[in-house]
Amino acid sequence: MAELMVRDGTWTFDGEVIRIVPGSERGVHKLRQYLGEFTVPLAAVAKIAYEPARKGGRLRLRLRDGADPLLQATRGSLPDDASPYQLAVDPGRVDVAEYFVDAVRQALTLEQIPEGPTDRYLLPGPPVPLTAAGVDGIATFDGERVHIEWRWNTSETKRQWGPRDFTLTGLEAVEWQAPSGLESGYLRFRLYGAAEQPAPDRDPNSLELWGFKKESGTTALLAAAVAVRLPHPSAGLPQARTAGTLAAAPATEAPAALAPPTGNAPADNAPTGKAPAAAASGATTPAATASGAADDHDALLRRLRELGELRRDGILTEEEFTATKAAVLARFHTAG
């Protein structure tokens, strides 16, 4: 057993998992406090290092790519002081920090843990339900559906859409970016077929973020909670698309590239656009049709296997698995 206890928090290693407990001091970042105590399995660890400084130093834990939904959703944009995988080491605890590093490194060697990326999440992600506030709206996630209510100061472009609802099966990905200088950050829910990505203050699928310490901590956790319930990025498989729910918006004019829904709009979450000329005219060749159908069936069969693995690993609930499986099977029967 190796344990490092400092003002910034406590890390404990028992040979199988690293238990991380954030400190309760005033200087500990809010995101780490919101995240609370959690454990990192040894299989998720790529490297660990102690970096000496003039006074004390810093312990850094690097996870394998794709192991943690929080790191996946935030895409490396977490500020250093917000990262739960760094620990400021007090001057009197340097020897203990070095011992801790040696213990973890020896275990990685003995267990032959690779440093390369994982093909599934090895951490469970934050618990739900979660509520997160941005500058111009408030998002809630209950494990199945994301709901956004706009604040009074949201842009007119977003206001035209009204409150937003997204189902997991209507989402291709969730993206989070910290604010940087005068540039706004965002929590974005990327829908299938939404090629255009407007600025956060005009994107009806995004919350705008300004000051990280004020509101962005919980938005990062919400992004991670959604990400862990979507297909793992390494799978490279198309997620089944089903209709998500969009609240009706006033019939007012909006930019043509991303217009609010109208009575004639399609039922799914994806914004519409002009179809390519060949598709609009129905100009397809028999060979292309046969090849595309075969590829589509293979992808859907792989998707069913992936869903079974997600349920087995506890990432999908039974209800989520049943609903998504039904959508995949429906697409399978129409693909031919």
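Mentor: Let's start with the largest pocket: strand 6 gives the largest share of its lining, four residues. Keep in mind that this is a predicted model.

Trainee: Which elements supply at least two residues of the lining of the largest pocket?

Mentor: Strand 5 (45-52), strand 6 (57-63) and helix 2 each do that. The pocket has about 440 Å³ of space, and 21 residues line it, with Leu-61, Arg-62, Leu-63, Leu-71 and Tyr-85 closest to its centre.

Trainee: How do the residues of that lining divide into nonpolar, polar and charged?

Mentor: Evenly: seven nonpolar, seven polar and seven charged. Take two of the residues closest to the centre, Leu-61 and Arg-62. Leu is on the nonpolar list and Arg on the charged one, so that is how these two get sorted.

Trainee: What makes a space a cavity and not a pocket?

Mentor: In a cavity, a 1.4 Å probe fits but cannot get out, whereas a pocket is open. This structure holds two cavities of 30 Å³ or more, and the second largest has about 40 Å³ of space.

Trainee: Which residues line the second largest cavity?

Mentor: Trp-11, Ile-20, Pro-22, Arg-32, Gly-36, Phe-38, Pro-84, Gln-86 and Leu-87. Strand 3 (17-22) and strand 7 (86-89) each supply at least two residues of that lining.

Trainee: How many residues of that lining are nonpolar, polar and charged?

Mentor: Six are nonpolar, two polar and one charged. Gly counts as polar by this scheme, so don't put Gly-36 with the nonpolar ones.

Trainee: Let's move to the cores. Why would a set of residues be called a nonpolar core?

Mentor: Because they are buried residues of certain nonpolar types, joined through side-chain atoms within 4.5 Å. The largest has 35 residues, and Ile-148, Trp-176, Leu-187, Phe-189, Leu-222 and Val-226 touch the most other members. Helix 5 gives the most to this core, with eight residues.

Trainee: What does Val-226 touch, not counting residues up to four places away in sequence?

Mentor: Phe-141, Val-146, Leu-168, Leu-171, Val-174 and Phe-189. There is also a second, separate core of 29 residues, including Ala-2, Val-6, Ile-48 and Leu-123.

Trainee: What makes Gln-112 count as exposed?

Mentor: The cut-off for exposed is over 50%. Gln-112 has 68% relative accessibility, so it counts as exposed. Gln-112 lies in the loop between helix 3 and strand 8.

Trainee: And why is Arg-75 called partly exposed?

Mentor: Partly exposed runs between the 20% and 50% limits. Arg-75 comes in at 42%, so it counts as partly exposed. Its place is in the loop between helix 2 and strand 7.

Trainee: What is the phi of Arg-75?

Mentor: It is near 55 degrees, a positive value in a residue other than glycine. Gln-112 also has a positive phi, of about 55 degrees, and isn't a glycine. Most residues other than glycine have a negative phi, so positive values there get flagged.

Trainee: Where is Pro-129 found?

Mentor: In the loop between helix 3 (94-111) and strand 8. The peptide bond from Val-128 to Pro-129 is cis, with omega near 5 degrees.

Trainee: How do you know how confident the predictor is?

Mentor: By pLDDT: the protein averages 79, and 71% of the residues score at least 70. Over residues 270-292, though, pLDDT stays under 50. The value also stays under 50 over residues 263-268, for which the model has seven contacts beyond four places in sequence.

Methods: Residues numbered from 1 in each chain as written. Predicted model: local features only at pLDDT ≥ 70, side-chain atom pairs only at ≥ 80, totals over all residues. Heavy atoms only, no water. pLDDT = per-residue confidence, 0-100. Contact = heavy atoms within 4.5 Å. 1 Å grid on protein atoms, 1.4 Å probe; cavity = no way out; pocket = protein on both sides within 12 Å on 5 of 7 lines; lining within 4 Å. Points joined across faces, edges and corners; volume = space filled by probe spheres on them. Buried < 20%, exposed > 50% of the residue type's maximum accessible area, 1.4 Å probe, protein only.
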